[in-house]
Amino acid sequence: MATRNSGDVVGGDTETVAGTGPGGAVSKRPARDRIFETARELFYQHGIRAVGVETIASEAEATKMTLYRNFPSKDELVAEVLREQEREYWAWWEEVTACCCTDPRKQLEAIFDAFETKACDADIHGCPLSNAAIELHEENHPAQVVSVNYKKELHRRLVELARGAGATDDDLADALMLLMEGAYISRVTLGKGGPVRAVSRSARVLIRMHLDGC
């Protein structure tokens, strides 16, 4: 259940940090941004449960009170981080599929080509939304809700593209989602030189088998 310290006020915050900008000018950066970006990095690198609000506040050069002024609770901070990561993923999806006009089959192939490149990045620890779903088991946890809804939308989009490409059922979309999910885990456990290198080829085999029967 989401909680916060008694007496902490929830609301906007304008605390800033001074630094030296170009030409010696003093630059200011909102505390909320520092806290959000720090939390995002720490959650991804170390896990949600392993990182406390004291650590986030300290690393962000802010106070615990300031954190709670900007985010009602750690749970809500986690959820907001995941919402931003979800927005970025869909922006990536739209950019990748836009290059294939309106051909669903080519869009599916492009997604897995780009996904393989993305998954082989040097600094990756799996899908942050999948990681959160594994860590957080409470059905009503705000971050768990974000993760589950994201996965449902991912499956819906794969179904839509597979159907548009000629699939008569959801088997192709199911297989492609399992491939994508498994690739993230394989990348974490076996590295970028492992099976993740075959994601694009494997996707094409699945697409050909389901759509062309060979």
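**Aromatic and charged contacts in a predicted model**

Guide: Tyr-89, Trp-90, Trp-92, Trp-93 and Tyr-150 form one aromatic cluster. This is a predicted model, in which local features need pLDDT of at least 70 and side-chain atom pairs count only at pLDDT 80 or more, while totals for chains, interfaces and linings use all residues. Residues are numbered from 1 along each chain as its sequence is written, and side-chain values use heavy atoms, with hydrogens and water left out.

Visitor: Why is the aromatic pair of Tyr-89 and Trp-90 called edge-to-face?

Guide: Rings of Phe, Tyr and Trp (its six-membered ring) pair if their centres lie within 6.5 Å; planes under 30 degrees apart count as stacked, over 60 as edge-to-face and the rest as tilted. The centres of Tyr-89 and Trp-90 are 5.3 Å apart with 70° between the planes, so the pair is edge-to-face.

Visitor: What makes the pair of Tyr-89 and Trp-93 tilted?

Guide: Its planes stand at 50°, with 6.3 Å centre to centre; the angle is neither under 30 nor over 60 degrees, and therefore the pair is tilted. Both residues lie in helix α4 (residues 74-98), four residues apart, about one turn of the helix; helices here are DSSP runs (H or I, at least four residues), numbered from the N terminus.

Visitor: How do you know that Trp-90 counts as buried?

Guide: Buried means under 20% relative accessible area, exposed over 50%, and partly exposed in between (1.4 Å probe, protein chains only). Trp-90 has 11% relative accessibility, so Trp-90 is buried. Tyr-89, at 5%, is buried as well.

Visitor: What places Arg-157 over the face of Trp-90?

Guide: A charge sits over a ring if NZ of Lys or CZ of Arg is within 6 Å of the ring centre and within 35 degrees of the ring normal. Arg-157 lies at 3.8 Å from the ring centre of Trp-90, so the distance condition is satisfied.

Visitor: Why is the contact of Arg-49 with Glu-138 a salt bridge?

Guide: The term requires a side-chain nitrogen of Lys or Arg within 4 Å of a carboxyl oxygen of Asp or Glu. The closest N and O atoms of Arg-49 and Glu-138 are 3.2 Å apart, so the pair qualifies. This pair links distant parts of the chain, 89 residues apart.

Visitor: What makes Glu-109 buried but Arg-204 partly exposed?

Guide: Glu-109 has 19% relative accessibility and therefore counts as buried, whereas Arg-204, at 31%, counts as partly exposed. Their side chains meet in a salt bridge (3.9 Å, N to O).

Key: Helix = DSSP H or I, 4+ residues; strand = E, 2+ residues; numbered from the N terminus.
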